[in-house]
Amino acid sequence: MTRTVYYTATSLDGFIATADHSLDWLLSRRSDPDGPMGWTGFEQRVGALAMGATTYEWMQAHDPGGWAHSVPAWVFTHRRLTGYPGADIRFTRADVGDVHAEMVAAAGDRDVWVVGGGDLAGQFADRGLLDELVVSVAPVTLGGGAPLLPRRLELVRTEHAVNGEFVCVRYDVVRTRPGSATDPADA
Ligand SMILES: NC(=O)c1ccc[n+]([C@@H]2O[C@H](COP(=O)([O-])OP(=O)(O)OC[C@H]3O[C@@H](n4cnc5c(N)ncnc54)[C@H](OP(=O)(O)O)[C@@H]3O)[C@@H](O)[C@H]2O)c1
């Protein structure tokens with residue numbers, strides 16, 4: 001069954017990029033893609049992905065090797081962005097819920113990867129569409145920057161591992177029940 005997973009790396013104080021969108025603090029770290037909770041195992045499960053415009057533009061600026069993904073991708077944006085020849089990239093400003101339904105259909109029996117940023121992951125969570133959060137925590141604090149997930153969410157840890165310099169943790173997102181103490185409508 002398809003799961004919708006926000007898989008990302010974060011600083012210890014909860015930022016996925018510096019204020020000027022640098023990832024130097026992350027890309028300089030040692031980790032094993034084939035190791036526990038590493039990229040290789042995760043990527044095999046991905047059948048569709050979504051990201052925001054800033055993340056897409058970062059990739060365009062920093063990845064001279066071209067588009068790295070073979071699965072259908074949705075980029076949420078109001079900007080005029082350019083694609084990559086032959087890549088299945090769909091620029092959208094449609095409702096996150098409608099796009100999610102398209103992504104699940106495209107993913108088949110694999111998962112939907114929410115690449116980031118944090119608010120986009122939060123938009124999926126707002127609609128009850130985010131199933132899992134998988135974070136690789138780098139041994140650094142940044143003091144500010146792009147937030148990991150600027151929402152309040154209840155989580156249950158389901159797995160953890162050490163991979164190189166990172167502590168990796170998988171969480172299930174706890175859906176709030178209408179009328180429960182954690183239902184935002186009751187606040
Ligand atoms: N540490 C990691 O592993 C990791 C992972 C992913 C990303 N990153 C980095 O983290 C930073 C994330 O940047 P960010 O916080 O600005 O988030 P982002 O999601 O990459 O980009 C945010 C932008 O996406 C567009 N957008 C978001 N939701 C939308 C919607 N529902 N409809 C239409 N457009 C929508 C908006 O841009 P417009 O309206 O202007 O188009 C918004 O300003 C980047 O530097 C990225 O490289 C790091």
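Reader: How far is a nitrogen atom of the ligand from a polar backbone atom of Ala9?
Author: This is a predicted model, in which local features need pLDDT of at least 70 and side-chain atom pairs count only at pLDDT 80 or more, whereas totals for chains, interfaces and linings use all residues. Residues are numbered from 1 along each chain as its sequence is written, and side-chain values use heavy atoms, with hydrogens and water left out. At Ala9, the distance from the polar backbone atom to the ligand nitrogen is 2.8 Å.

Reader: Which residue has a polar side-chain atom 2.6 Å from an oxygen atom of the ligand?
Author: The backbone of Ile16 offers a polar atom 2.9 Å from a nitrogen atom of the ligand. The side-chain atom that lies 2.6 Å from a ligand oxygen, in contrast to that backbone atom, belongs to Thr55.

Reader: What percentage of the area that the ligand exposes when taken alone does the protein bury?
Author: Accessible areas come from the Shrake-Rupley method with a 1.4 Å probe, and for residues only the protein chains shown count as cover. Taken alone the ligand exposes 920 Å², and the share of this area buried by the protein is 80%.

Reader: Which element gives the most residues to the shell around the ligand?
Author: The ligand is surrounded by 22 residues, the closest being His21, Thr55, Thr77, His78 and Arg79, where a residue is near a molecule if one of its heavy atoms lies within 4 Å of it. Strands E1, E2 and E6 and helix H3 each supply at least two residues of this shell; helices (H or I, at least four residues) and strands (E, at least two) are DSSP runs, numbered from the N terminus. With four residues, the element that gives the most is H3.

Reader: How many residues apart are Arg29 and Glu165?
Author: Arg29 and Glu165 form a salt bridge with their closest N and O atoms 3.5 Å apart, the term meaning a side-chain nitrogen of Lys or Arg within 4 Å of a carboxyl oxygen of Asp or Glu. Arg29 is in the loop between helices H1 and H2 and Glu165 in the loop between strands E9 and E10, so that the pair links distant parts of the chain, at a separation in residues of 136.

Reader: Is Asp131, the partner of Arg175, buried or exposed?
Author: The closest N and O atoms of the salt bridge between Arg175 and Asp131 are 2.8 Å apart. Arg175 lies in the segment after E10 and Asp131 in the loop between H5 and E7, so the pair ties together parts that are 44 residues apart in sequence. Buried means under 20% relative accessible area, exposed over 50%, and partly exposed in between (1.4 Å probe, protein chains only). Arg175, at 39%, is partly exposed, whereas Asp131, at 14%, counts as buried.

Note on methods:
Polar contact = N/O pair within 3.5 Å; in protein donor to acceptor, adjacent residues only side chain to side chain.
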